[in-house]
Structures are given as structure tokens and as C-alpha cells.
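I wanted a few plain notes for someone opening this one for the first time. Here is what I looked up, entry by entry.

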Amino acid sequence: MPDIFGKSALLLSLLLGMSGAHAARPSDTAQAELAKAQGIPRPAVIAHRGASFDAPESTAAAYTVARDLGADYLEMDLQRSKDGVLFALHDNSLLRTTDVATKFPERKDSPANAFTMAELKTLDAGSWFNAAYPERARPSYKGLQILTLDEIIDIAEASPQHTPGLYIETKEPKQFPGLEHDLKNALSKRGWLQPVTTVSGEPGVGQGKGRVILQTFEKSSLELLQKEMPDTPKILLLWVGEGGMAPNSDVSFSDSGEKDKAAYYAKQQPKDKAEFLRWLDFAKAHGAIGTGPSAALAAGGDQSYFDLVQPWMNTATHDKGMLVHVYTIDEPADFKHVMQSGVDGIFTNRASELLKFYQRPAPLTVNQLLEKNGY
Ligand code: G3P
Ligand code: CA
């Protein structure tokens with residue numbers, strides 16, 4: 001098992017070029033202790049929808065590679081099928097990532113939760129990736145299926161070398177009344193709400209107290225998650241605008257004159273410091289052990305949102321005794337920037353690159369691992 005709980009602060013101070021005095025800030029020590037107490041690696045490598053740069057998101061190819069690279073967590077967006085099965089899919093719609101338009105043309109615009117699991121399992125959730133990213137395409141991605149939560153747990157448990165944890169988002173929870181209760185039952189049935197009893201040595205990430213982290217953008221879902229699973233670490237995801245923090249400006253994107261959404265988002269801020277602090281207080285009061293803010297990326301792009309990891313924001317979060325896991329970052333320049341700003345972990349589509357940045361490179365390349373796993 002990699003040394004993810006012990007020497008991380010020292011290692012990070014070296015790779016970020018900080019002075020020794022800076023590396024020994026009291027807040028660093030406090031955050032390291034908080035993460036350790038929760039069984040959460042710091043800094044944490046959170047494989048966003050699996051290794052989703054390299055393989056179709058939220059499929060077995062993406063999750064097995066993320067696991068075998070040594071990612072700390074497999075991230076997923078949780079939904080529930082028409083017949084009550086929990087599964088992982090980011091979008092409400094099946095159109096972007098499956099061949100629903102071919103298999104169910106008359107229902108192609110229906111939400112994913114209007115399909116039974118048997119119907120969802122007939123869909124090809126891999127070929128879209130080959131068309132979108134020909135340079136990373138593989139014939140074996142054709143026909144990959146949507147995965148149930150149970151199947152992702154099977155993947156997490158299947159490696160003798162490394163058991164990653166699960167980082168589960170209640171997606172659009174208002175569409176799924178009772179999802180938090182169903183999730184508790186599903187995790188409990190698989191024994192994932194308790195640490196694994198290890199005979200000797202430190203438990204791995206996916207065996208200890210922090211083996212599951214629950215995340216949501218919805219305050220109401222955080223409350224329900226806390227009620228159902230009070231002992232499981234939780235993260236409140238942060239956003240500015242509808243459903244999130246009140247913004248400093250009501251000017252819409254179309255009226256803003258900005259050339260793209262990333263430029264527009266980069267200028268949006270929480271209304272004021274007090275608004276940001278109110279969200280932190282809500283998170284803390286409802287059981288969250290941290291927040292999941294967005295970031296503005298150096299090169300922009302469709303993952304570039306509001307800069308909610310400014311040093312004062314991270315310091316304020318730390319001062320309230322909470323961790324910061326930022327989404328979603330794939331480039332070394334951005335890794336360095338957010339780490340220097342003080343975050344405690346990163347959601348990434350490129351777990352291989354983040355592990356290299358943290359000086360925890362996998363022994364095999366992504367291509368070698370894909371081939372080893374039959375892709
Ligand atoms: O869950 C953190 C991050 O994944 C939030 O964004 O839209 O990719 O779920 P999204
Ligand atoms: Ca997510």
C-alpha cells in the first residue's frame with residue numbers, strides 16, 4: 001500500500017517548492033490529522049467517473065484502470081432505475097454516452113431513470129467514446145455497459161493489490177426520493193459502511209473508515225445522507241448560481257459578452273465572503289467533513305467553472321475543521337495551482353497524471369493496464 005497518510009505533507013512541500021517553514025503551517029498539521037482521523041488520504045486522488053480520460057466514463061474499463069493505477073477513490077454519480085436498481089451515470093439523459101437513440105428511438109429523450117435495469121443493460125455505453133476521442137479509441141470499448149453500484153463495488157473489491165474507496169454523489173436527488181435510504185441499504189448489504197477488520201498493518205483506503213465518501217450539491221440531500229449514514233464522511237459540493245451560492249452578479253452568460261462559459265464562470269463569485277462562510281457553516285452543521293468546490297482552469301474548457309479555491313476560501317474551510325476536495329482537474333499546471341492554494345485532494349479524469357504529480361506513479365502505464373484487463 002502506498003504511503004498516503006504519513007509523509008504526504010513533507011513530499012508535497014518539496015514538490016510544490018514551499019519553504020520548510022511554510023510546509024509546517026499549523027493548518028497543514030491540523031488538516032493532516034483531520035484526514036487521518038477520517039481514514040481519508042491527503043492529498044486524495046479521486047478518479048472522476050473512473051479513469052475517464054482514458055476510457056468511457058463510469059464503465060468497467062474506466063473503473064478497473066483507475067483502481068489498478070492506485071487511485072484512492074472511484075467517483076460516481078448515482079441514479080436509480082425504473083425498477084429500483086442503483087447505477088452510475090452522470091447525465092440525466094442517455095443520449096450523450098449511449099446508443100439509446102438507436103435502441104429506443106421513441107424514448108431517446110426520456111431520462112435514464114425511466115428505463116429498467118434490463119433495458120439499460122442493453123445499451124452500448126462505450127462506442128460514443130471511440131467516436132468522440134479517436135486517438136484514445138479501442139475496439140473493446142464497443143458494447144461496454146452501464147454499471148450498477150454493486151458491479152462497481154465488485155470492481156473495487158476485486159484486486160488483491162489495492163482496494164480503492166467509493167466517492168458517491170447523489171445526483172439530482174430530488175428526482176429520486178428515498179435515494180439516500182436505498183444507498184444506505186445497498187452499502188450496508190455489501191458491508192461497506194463498516195471498516196474491514198485487517199489482521200495486521202494499516203487498512204487500505206477502501207478498507208478503512210474513509211472507504212466511502214458521500215457527496216452532493218443539494219443541501220437537502222446532505223441532511224438526508226447525514227440522517228441515514230451519520231458515521232460516513234460527507235462532502236458538500238459548492239457551486240455559484242441556481243441551487244448554489246448567491247452570485248455577485250445577476251448578468252446572464254448571453255448578456256455578459258464573454259466569449260465562452262469558462263470566461264463567464266471565472267468572473268462569477270459568491271455574493272460576498274459572508275455567503276461563502278454561510279455555506280461552510282451549513283456543511284459543518286449538517287455533518288460534512290469537507291467541501292467540494294469548483295476551480296477556474298488555466299486553459300479554460302468545459303470543466304472550468306468558478307474559482308472557489310482561492311487561498312482565503314481554503315483557509316476559511318480549514319479553520320472550520322473541514323477538508324477541501326476540488327473538482328475537476330486534469331492538467332499539471334492546474335494541479336500545482338490548486339495545491340498551492342491549499343486543497344486536500346483533487347477530482348480528476350486523469351488519475352495517472354495526478355498520481356505522477358503526487359510522486360505516486362503507477363508501476364504500469366494506462367495502456368499496459370488496459371491491455372492487462374482485456375481492453
Ligand atoms: O462530484 C464532483 C464533480 O463530479 C461534480 O461535477 O458534474 O462532474 O458531477 P459533476
Ligand atoms: Ca460527480
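**Entry 1: two polar side chains**

I started with S52, which I found in the loop between β1 (44–47) and α4 (60–69). I should jot down right away that I am working with a predicted model. Is S52 buried or exposed? Its relative accessible area is 13%, so I put S52 down as buried; the cut-off for that word is under 20%. Next I checked what its side chain touches: there is a polar contact with the side chain of N349, at 2.8 Å.

Then I went to N130, which sits in helix α7 (residues 127–132). N130 has a relative accessible area of 18%, so I list this residue as buried too. I looked for a partner and found a backbone atom: the oxygen of R138 is 2.9 Å from a polar atom of the N130 side chain.

**Entry 2: the calcium ion**

Which residues supply the protein donors of the calcium ion (ligand 2)? I got E75 (OE), D77 (OD) and E169 (OE), at 2.2 to 2.3 Å from the ion. Written as a spacing along the chain, the donors read E-x1-D-x91-E. That long gap made me check where the two glutamates are: E75 belongs to strand β2 (residues 73–80) and E169 to strand β4 (residues 165–170), so I noted a link between distant parts of the chain, 94 residues apart. Both E75 and E169 are buried.

Why is the arrangement around the calcium ion (ligand 2) irregular? I counted 6 donor atoms there, and the angles they subtend run from 57 to 158°, which makes it irregular. For my own reference, six octahedral donors would ideally give 90 or 180 degrees.

**Entry 3: ligand 1**

I listed the residues around ligand 1 and found H48, R49, E75, D77, H90, E169, K171, Q215, F217, L237, Y327 and F347. The calcium donors E75, D77 and E169 turn up in that list as well.

I then looked at polar atoms. H48 has a polar side-chain atom 2.7 Å from an oxygen atom of ligand 1. R49 has a side-chain N or O atom 2.7 Å from an oxygen of the ligand. For D77 I noted 3.2 Å between a side-chain N or O atom and a ligand oxygen. How much of ligand 1 does the protein cover? I got 90% of the 280 Å² of accessible area that the ligand has on its own.

**Entry 4: aromatic rings**

The structure has 21 aromatic pairs. I picked out Y305 and Y327: the ring centres are 6.2 Å apart and the planes make 55°, so I call this pair tilted. Y305 is in the loop between β7 (290–292) and α14 (311–319), while Y327 is in the loop between β8 (323–326) and α15 (332–341), 22 residues away. At 21% relative accessibility, Y305 counts as partly exposed, whereas Y327 at 7% counts as buried.

Y327 has another partner, F347, in an edge-to-face pair with 6.4 Å between centres and 90° between planes. F347 lies in strand β9 (residues 345–348), 20 residues from Y327. With a relative accessible area of 1%, F347 is buried.

Last, I followed the ring pairs outward. They join Y73, Y167, F217, W239, F253, Y264, Y265, Y305, F306, Y327 and F347 into a cluster. Looking back at ligand 1, I see F217, Y327 and F347 among its surrounding residues.

Definitions and conventions
Residues are numbered from 1 along each chain as its sequence is written. Chains are lettered from A and ligands numbered from 1 in the order in which they are written. This is a predicted model: local features need pLDDT of at least 70, side-chain atom pairs count only at pLDDT 80 or more; totals for chains, interfaces and linings use all residues. Side-chain values use heavy atoms; hydrogens and water are left out. Donors are N, O and S atoms within 2.8 Å of the metal (3.2 Å for Na, K and Ca); water is not among the atoms, so sites may look incomplete. Four donors count as tetrahedral if all angles lie between 85 and 135 degrees; four count as square planar and six as octahedral if opposite donors are over 155 degrees apart and all others between 65 and 115; anything else is irregular. Helices (H or I, at least four residues) and strands (E, at least two) are DSSP runs, numbered from the N terminus. Buried means under 20% relative accessible area, exposed over 50%, partly exposed in between (1.4 Å probe, protein chains only). A residue is near a molecule or strand if one of its heavy atoms lies within 4 Å of it. A polar contact is a pair of N or O atoms within 3.5 Å; within protein, one must be able to donate a hydrogen and the other to accept it, and residues adjacent in sequence count only if both atoms are side-chain atoms. Accessible areas come from the Shrake-Rupley method with a 1.4 Å probe; for residues, only the protein chains shown count as cover. Rings of Phe, Tyr and Trp (its six-membered ring) pair if their centres lie within 6.5 Å; planes under 30 degrees apart count as stacked, over 60 as edge-to-face and the rest as tilted.
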